[in-house]
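This report describes a protein model with attention to its strands, its helices, the contact between its chains and some unusual backbone features. The reader is invited to follow each passage in the structure shown here.

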Amino acid sequence: MIRQELGKLQKPITLKVFIDKKNDLESKETSSILKMYEENSEGKLRFEINPLNEYNNSLYKYQIDRVPTIIMNDAEGNECIRYFAIPQGSEVKPFIQTLQILSGRKNYFEEALKENLSNIKASIIKVMVTKSCAYCPELVNMVSQFALGSSGKIKAEIIDILENPDIGNMYDIVTVPYIVINNSDPLIGLIKPNELLERLLEN
Amino acid sequence: MFNIDMEGIDLEKIYDLIVLGGGPTAIGCAIYAKRFAMEVLIVGKTYGGLIATTHIVENYPAITSISGQGLMDMFKEHMDSLEIPYISDEISRITKVNDHFELHSFFQNFKAYSVLIATGSIRRKLGIPGENEFAGKGVSYCATCDGPFYKDKVVCVIGGSDSAAKEALFLAQNTKKVYIIYRGNDLRAEPINIKRVLESNNIEIIYETNIVEIIGEGKVKSVIFDNGEKLEVDGVFIEIGSIPNSDIAKNVGVETNEHNEIKINRKSETNIPGIFAAGDVADAPFKQAITGVAEGVIAAYSAFDYVKEMNIEY
């Protein structure tokens, strides 16, 4: 299924990945999963792996405060999505669908976003998920499409809170999906795309 | 994997059939419609429907045991093999225009000669003080989503259905203790699941009891029973059934019954020619994935006949 879906990538894409060089086990596991994605993409997907150590300038340049982190830039080079975990389990589907749009497939929400872009202020949308959450993939997909269609105005952060428990604790989360936009009141559960757009227009 | 972008979607085209919904009923119908060479599109708000939140399904024939999500992945694979387009959006209004229907969402408009409403149902709420206040802060409607946050904690499941029993069994795997709080005196679950509940060493059933309030400070701390007693819990999982998601039907004049279920006949037809309904949103007596799929398939046959009789020239 992964090969079939990655086969739908249109133009080649490269993602930046930051991993922990000191933690050999995690580093090897991460590299092995990323390799699997690359090998199934017929050369269309490439990960630029950046092993981090305390002397690495990338830490500062890309403001990396945790690993692994995957960064996606849109066609204009704007950073639009960060994954704070390597997509596994139910996170694989929205990750690949985001790659498909990143590689040129048409974004369902782009038209409406462009119409409203002048009224949306620069926003960071944090989407808290877990691998077993049935509603999360659809929400991740939606927010990712919003980010990709916003010409850099919207940045999405996809956070697996079981992999990043400090973030879950910071927001005191006991339910997913859980969305925070610009640190305002959270949106809980599977929200509709028009609700997300309305919230962005309010912010 | 489902298509969620605009690839393969033609907004100018009048589809033979647009299926509203993202669960097994919707996909079952679309698979048959596609095999009838109908131009079919699915527009679903929640891919997978409620069954995707079920941690284990053991009564879908030919599949011994699978997670709800796993079952829907198989549906997806089948749907994708037929290249059936799927859009993740919610249709808010249907209007009849000449010989076809127009379906409006906040983002796009679609056209179809026939429509299947398979929008399923949404979780029923208790409607007691504290439920809304602590939603997402200890009150949950999805054990597979939120269960992992309650490792070694004490939770309660409200309800006595098969779904409630299965939620309790799932939660019991990681929590310290699960209370099932049920207003009746005998669980309505499948006997196999009742047996599992009774054999579990960390599930306790409290019969003939309602909870009247959920109390906490920032997070859930306890529930109050109708006899005045208090039970300290960290989480409250509400599993008291669901209500049909039929608003879209009512807006276009489709008849519903006193339970808000869409009235259908044995051909899955509603009172409006060209609009069909099936699954949990319809007034069929059994609300199971397998019966929903069957009703969806019947709707596909009926929609095919309906469109064929229109003698459309493409």
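Phe18(A) stands opposite Asn50(A), a residue of strand S2(A). The strand S1 of chain A covers residues 13–20, and S1(A) pairs with S2(A) in the parallel sense over 8 bridges. Two strands are said to pair if DSSP finds at least two bridges between them. Helices (H or I, at least four residues) and strands (E, at least two) are DSSP runs, numbered from the N terminus.

This is a predicted model, in which local features need pLDDT of at least 70, side-chain atom pairs count only at pLDDT 80 or more, and totals for chains, interfaces and linings use all residues. Residues are numbered from 1 along each chain as its sequence is written, while chains are lettered from A and ligands numbered from 1 in the order in which they are written.

**Strands**

Strands of a sheet pair through backbone hydrogen bonds, either parallel or antiparallel. In chain A, an open sheet of 8 strands has the order S2-S1-S3-S4-S6-S5-S7-S8, with mixed pairing. Its edge strands are S2 and S8 (187–188) of chain A, each of which pairs on one side only.

In chain B, strand S1 (residues 14–20) is mostly covered, since 6 of its 7 residues are buried. A residue counts as buried if 20 or more other C-beta atoms lie within 10 Å of its own, as exposed if 12 or fewer do, and as partly exposed in between; the C-beta atoms are placed from the backbone. S1(B) pairs in the parallel sense with strand S6 (residues 109–117) of chain B over 6 bridges, and Tyr15(B) has Ala112(B) in S6(B) as its bridge partner. S1(B) also runs parallel to S2(B), to which 4 bridges join it. Here Leu17(B) has Val40(B) in S2(B) as its bridge partner.

**Chain B as a whole**

Chain B has 7 helices and 17 strands. Its C-alpha atoms fill a box of roughly 70 × 35 × 35 Å, taken along the principal axes. For 314 residues, a compact globule would have a radius of gyration near 20 Å, and the 21 Å of chain B agrees with this. The radius is taken over C-alpha atoms, and the globule rule is 2.2 Å times the number of residues to the power 0.38. Of the 314 residues of chain B, 52% count as buried. Among contacts in chain B between residues at least 6 apart in sequence, 62% join residues at least 24 apart. Two residues are in contact if their C-beta atoms, placed from the backbone, lie within 7 Å.

**Two packed helices**

Two packed helices are described by the angle between their axes and the distance between the axes. Helix H1 (residues 24–35) and helix H7 (residues 289–309) of chain B pack at an angle of about 35°, with their axes 7 Å apart. Axes are lines fitted to C-alpha atoms, for helices over the stretch in contact, and angles run from 0 to 180 degrees between N-to-C directions. Among the residues that meet are Gly28(B) and Tyr32(B) in H1(B), and Gly296(B) and Ala300(B) in H7(B). By class, this contact of H1(B) with H7(B) has 12 nonpolar, 4 polar and 1 charged residues. Ala, Val, Leu, Ile, Met, Phe, Trp, Tyr, Cys and Pro count as nonpolar, Asp, Glu, Lys and Arg as charged, and the others, Gly among them, as polar.

**Contact between the chains**

In the interface, 32 residues of chain A are in contact with 30 residues of chain B. Helices H4 (92–102), H6 (136–148) and H8 (193–202) of chain A are the elements that give two or more residues to the side of chain A that touches chain B. H4(A) gives the most, with 5 residues. By class, this side of chain A has 17 nonpolar, 9 polar and 6 charged residues.

**Unusual backbone features**

Most residues other than glycine have a negative phi, and most peptide bonds are trans. The table lists departures from this pattern.

| Place | Feature | Value |
|---|---|---|
| Val67(A) to Pro68(A) | cis peptide bond | omega near -5° |
| Val176(A) to Pro177(A) | cis peptide bond | omega about -5° |
| Glu42(A) | positive phi, not a glycine | phi about 50° |
| Ala37(B) | positive phi, not a glycine | phi about 65° |

Pro68(A) lies in the loop between helix H3 (58–61) and strand S3 (69–73) of chain A. Glu42(A) is found in the loop between helix H2 (24–39) and strand S2 (45–52) of chain A, and Glu42(A) is exposed, with 12 other C-beta atoms within 10 Å. Ala37(B) is placed in the loop between H1 and strand S2 (40–44) of chain B; Ala37(B) is exposed, with 9 other C-beta atoms within 10 Å.
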